[in-house]
Amino acid sequence: QVQLVESGGGLVQPGGSLRLSCAASGNILSMNVMGWYRRAPGKQRELVAFINKSGTTNYVDAVRGRFTISRDNTRNTMYLQMNSLKPEDTAVYYCYCGAQTASRAAENMIYWGQGTQVTVSS
């Protein structure tokens, strides 16, 4: 199996910055697309950003220009740099990845982190 460990969440003031990390471990043959979802109470989950294996990125309009997603393929780690944070960014952020493992070499399985709370408040 693939384990995803998230870190970097917390409480910040509006206009502040935060960096989220998501480290994958396990018998990984290939890490494919990686990204971040977020979910606020009472709302559906929202895809924030994703990055494919070659580094191509995409962002939801609400965060474009403020957030930057990146990945380190050597360490199977993904990052989300969040700048100019707004109260509406408050949510639980979940990282995900598609990966092929030794036991499922021919399949791209989706794995999820447990979520990290980001709160933007003065």
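The legends below describe close-up views of a predicted model.

**View 1. The largest nonpolar core.**
This core contains 31 residues. Trp36, Leu80, Met82 and Tyr93 have the most contacts inside the core. Eight stretches of the chain are listed as giving at least two residues each: strand 1 (2-7), strand 3 (18-26), strand 4 (28-39), strand 5 (46-51), strand 7 (67-72), strand 8 (77-82), strand 9 (91-101) and strand 11 (116-120). Which strand gives the largest share of the core? Strand 9 does, with 5 residues. In soluble globular proteins, nonpolar side chains tend to be buried together.

**View 2. Leu80 and the residues around it.**
Leu80 is among the residues with the most contacts inside the core. Leaving aside residues up to four places away in sequence, Leu80 touches Leu18, Arg19 and Leu20. The other residues that Leu80 touches, with the same exclusion, include Trp36, Val48, Ala49, Phe67, Thr68, Ile69 and Tyr93. Two of these contacts, Trp36 and Tyr93, also belong to the group with the most contacts inside the core. Ile69 is the bridge partner of Leu80 in strand 8.

**View 3. The open sheet.**
Four strands make up this open sheet, in the order 1-3-8-7, and the pairing is antiparallel. Which strands stand at the edges? They are strand 1 and strand 7; each has a single partner strand, so one side of each has no neighbour in the sheet. Direction ignored, neighbouring strands of the sheet are turned by 15° against each other on average. Strands of a sheet pair through backbone hydrogen bonds, either parallel or antiparallel.

**View 4. Strand 8 and its two partners.**
Strand 8 pairs with strand 3 in the antiparallel sense, over 6 bridges. Within this pair, Ala23 has Thr77 as its bridge partner, and Cys22 stands opposite Met78. Strand 8 also runs antiparallel to strand 7, and 6 bridges join the two. Here Ile69 is bridged to Leu80. Is strand 8 mostly covered or mostly uncovered? Strand 8 is mostly covered, with 5 of its 6 residues buried.

**View 5. The hairpin turn at Asn76.**
Strand 7 and strand 8 form a hairpin, with 4 residues between them. Asn76 is found in the loop between these two strands. Asn76 is not a glycine, yet its phi is positive, at about 50°. Most residues other than glycine have a negative phi. Asn76 counts as partly exposed because its relative accessibility is 21%, and the cut-off for buried is under 20%. Arg75 forms a salt bridge with Asp72, and the closest N and O atoms are 3.4 Å apart. Arg75 is exposed, with a relative accessible area of 60%, whereas Asp72 is partly exposed at 21%.

**View 6. The loop at Ser84.**
Ser84 lies in the loop between strand 8 and strand 9. What is the sign of phi at Ser84? The phi of Ser84 is positive, at about 50°, although Ser84 is not a glycine. With a relative accessibility of 40%, Ser84 counts as partly exposed.

**View 7. Salt bridges.**
How many salt bridges does the structure hold? There are 6. In one of these, Glu46 is joined to Arg38, and the closest N and O atoms are 2.8 Å apart. Glu46 is partly exposed, with a relative accessible area of 28%, whereas Arg38 counts as buried at 7% relative accessibility. Another salt bridge links the side chains of Asp61 and Arg64, at 2.3 Å from N to O. Asp61 is exposed, with a relative accessible area of 61%, and Arg64 is partly exposed at 44% relative accessibility. A further salt bridge is the one between Arg75 and Asp72. Arg38, Glu46, Arg66 and Asp89 are joined into one network by salt bridges that share partners.

Technical notes: Residues numbered from 1 in each chain as written. Predicted model: local features only at pLDDT ≥ 70, side-chain atom pairs only at ≥ 80, totals over all residues. Heavy atoms only, no water. Core = buried A, V, L, I, M, F, W, Y, C linked by side-chain atoms within 4.5 Å. Buried < 20%, exposed > 50% of the residue type's maximum accessible area, 1.4 Å probe, protein only. Contact = heavy atoms within 4.5 Å. Pairing = 2+ DSSP bridges. Axes fitted to C-alpha atoms, helices over the stretch in contact; angles between N-to-C directions. Salt bridge = Lys/Arg side-chain N within 4 Å of Asp/Glu carboxyl O.
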